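Got the model open in your viewer? Let's walk through it together, one selection at a time.

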Amino acid sequence: MELKNGLSVKNGHLYIADADACALAQKYGTPLYVMNQEHIRKRCRELRGAMDKYCPEGRVMFASKAFMNKAMCRIAASEGLGMDVVSGGELYTALSAGVPADMLELHGNNKTVEEIEMAVKNNIYRIIIDNFDEIDRIKEVAQRLHRTRIPVEIRLRPGIEAHTHEAVQTANLDCKFGFNIASGEAMEAALRLCSDDTFELCGIHCHIGSQIFELAPFAVLCEHFITFADRLRAANGCVLHDFNFGGGFGVWYTQGDAPQELGDYIRIITQTLRELCQKHSYPMPAITVEPGRSIVGEAGVTLYTVGGVKDIPGVRTYVSVDGGMFDNPRCALYGSKYTAVCANKADREHDRVVTVAGKCCESGDLITKDALVPADISTNDILAILTTGAYNYTMASNYNRNGIPAVVLVGCGHEGIIVRRQTYDDLISHDEIPDFL
Ligand SMILES: *Cc1c(COP(=O)(O)O)cnc(C)c1O
């Protein structure tokens, strides 16, 4: 197997950057999330570099829901990326890590009064407005805090269907996010925001979906944006200076996935937009992108210890590991597939097809179907699942009262824990037994 993304094989062991995966498993225990700092920084630089080349005033906002903790905030900020947060908890984490407020934008389709207050009081860069109720809610908060000209963008729902899993399509008509363009509600919202000095309407936003391998949907989005912006200008003279294209850039999970170069998304967007702006005599806006998966996905590897191998003749072979849907729910949620490498037998032929199962009490608790492993895979082998850097740690739960694994950062000549493993005491630390029991 050809390994990339900072992975290699030495003396039969899998290496992640300069770290021996088997030694990491031994030292920190399993399950273990391993993140390669070198690869995260490389991806940040690919996007930031493309932005500097094609649209220097543009912003790259890391979608923190993909992988969020204080160390990641530090890495993103040090690479010149801002962050997209979608909850008070994410906002609090970013501010606690020292990310400047003017590098933060707040998303979400149901922001609470408390979250809006936190955003306004901290003077974050932008709030991306999702719906009419939210306009009222922000106005209430702003009046109470005696604030005007809150910088906002509105989230549009243009009706674009990207070729990706249904659960991660976010711009088609039947979807909970944003204002519908076709029905006129998006224009109504924009006009309302422009005529109320509580708000400063700075831009428009759309996030098409996730794990998108094509460039074309982003060019289509340019057309929706310029058409909308041009109509708004015709209606009230308001010119928008920012177009925010969301994230969704695809990454490699299994053989056959062919991701684009990250810089190509920026190139296509800016080139298409420049042509359209000329056609419409519209001033070229700055662009924003909000990559999540494409920054951290391929930087992550999860290490498990194999507990046993169960062969059901004529049906399938299950390899059970000491993790499961509590550390990676993506297979259970979306049927996602992953590539496996047996970390202590990494130089052997991986030609046995197995299903990697977790230890939770659900038949659907699988890590992946159809993984290739060495024929002699057995108890106590260390199984590495690749491309688990995005939407694994952040989607983890305590199902079956399993503790959330530790996250260790490797690469760039350093190794260190960035999230401690949950202990049994952590698991009961929020439990209360009231007097009446
Ligand atoms: C999830 C999300 C992103 C990031 O998506 P990726 O596929 O991880 O790049 C960006 N913007 C918004 C609004 C999102 O909801």
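**Starting at a salt bridge**

Select Lys 42 to begin: with a relative accessibility of 45%, Lys 42 counts as partly exposed. One thing to keep in mind as you click around is that this is a predicted model. Now add Glu 46, which is also partly exposed, at 25% relative accessibility. Their side chains meet in a salt bridge, with N and O 3.4 Å apart. Why are these two separated by about one helical turn? Lys 42 and Glu 46 sit four residues apart in helix H2 (residues 37–54), so about one turn of helix lies between them.

In general, side chains of opposite charge can pair when their charged atoms come close. The whole structure holds 22 salt bridges, so let's look at a couple of others.

**Across a helix and a strand**

Go to Glu 185 and Arg 157, whose side chains form a salt bridge at 3.6 Å, N to O. Glu 185 belongs to helix H7 (residues 185–194) and Arg 157 to strand S9 (residues 150–157), so this pair ties together parts 28 residues apart in sequence. Is each partner buried or exposed? Arg 157 is buried, with a relative accessible area of 10%, whereas Glu 185 is partly exposed at 23%.

**From loop to loop**

Next, pick Asp 376 and Arg 348. The closest N and O atoms of this salt bridge are 2.5 Å apart. Both ends are in loops: Asp 376 is between strand S18 (366–373) and strand S19 (382–386), while Arg 348 is between strand S16 (340–342) and strand S17 (352–357). The two residues are 28 apart, so the pair links distant parts of the chain. Asp 376 counts as partly exposed at 37% relative accessibility, and Arg 348 counts as partly exposed at 39%. Keep them selected and add Lys 345 and Asp 381: salt bridges with shared partners join these four, Lys 345, Arg 348, Asp 376 and Asp 381, into one network.

**Around the ligand**

Now centre the view on the ligand. How many residues surround the ligand? There are 15, and the closest are Lys 65, Ser 210, Glu 290, Arg 293 and Tyr 391. By class, this shell has three nonpolar, seven polar and five charged residues.

Try these contacts in turn:

- Lys 65: an N or O atom of its side chain is 2.8 Å from an oxygen atom of the ligand.
- Arg 293: here a polar backbone atom is 2.7 Å from a ligand oxygen.
- Tyr 391: a polar atom of its side chain lies 2.5 Å from an oxygen atom of the ligand.

Switch on a surface if you like: on its own the ligand has 390 Å² of accessible area, and the protein covers 94% of that.

**The cysteines**

Select Cys 73, which is buried at 1% relative accessible area. Why is Cys 73 not bonded to the closest cysteine sulfur? That sulfur, in Cys 44, is 12 Å away, too far for a bond. Move on to Cys 412, which is in no disulfide either: the nearest cysteine sulfur, again that of Cys 44, is 11 Å away. Cys 412 is partly exposed, with a relative accessible area of 34%. The disulfide count comes to zero.

One more cysteine to click is Cys 222, in helix H8. Cys 222 is buried, with a relative accessible area of 0%. Zoom out and add Tyr 338: the two are 116 residues apart in sequence and 33 Å apart in space, C-alpha to C-alpha.

**A few loop stops**

His 207 is in the loop between strand S11 (199–205) and helix H8 (216–236). This histidine is buried, at 14% relative accessible area, and the side chain of His 207 reaches the backbone nitrogen of Gly 247 at 3.0 Å.

Jump to Pro 31, found in the loop between helix H1 (21–28) and strand S4 (32–36). Show the backbone here: the peptide bond from Thr 30 to Pro 31 is cis, with omega near -5°.

Finish with two residues that have positive phi. His 146 has phi near 55°, and is in the loop between helix H6 (132–144) and S9. Thr 387 has phi near 60°, and lies in the loop between S19 and strand S20 (406–410). Which is buried and which exposed? His 146 is exposed, at 72% relative accessible area, while Thr 387 is buried, at 2%.

Conventions. Residues are numbered from 1 along each chain as its sequence is written. This is a predicted model: local features need pLDDT of at least 70, side-chain atom pairs count only at pLDDT 80 or more; totals for chains, interfaces and linings use all residues. Side-chain values use heavy atoms; hydrogens and water are left out. A residue is near a molecule or strand if one of its heavy atoms lies within 4 Å of it. A polar contact is a pair of N or O atoms within 3.5 Å; within protein, one must be able to donate a hydrogen and the other to accept it, and residues adjacent in sequence count only if both atoms are side-chain atoms. Accessible areas come from the Shrake-Rupley method with a 1.4 Å probe; for residues, only the protein chains shown count as cover. Ala, Val, Leu, Ile, Met, Phe, Trp, Tyr, Cys and Pro count as nonpolar, Asp, Glu, Lys and Arg as charged, and the others, Gly among them, as polar. A disulfide is a pair of cysteine sulfur atoms within 2.5 Å. Buried means under 20% relative accessible area, exposed over 50%, partly exposed in between (1.4 Å probe, protein chains only).
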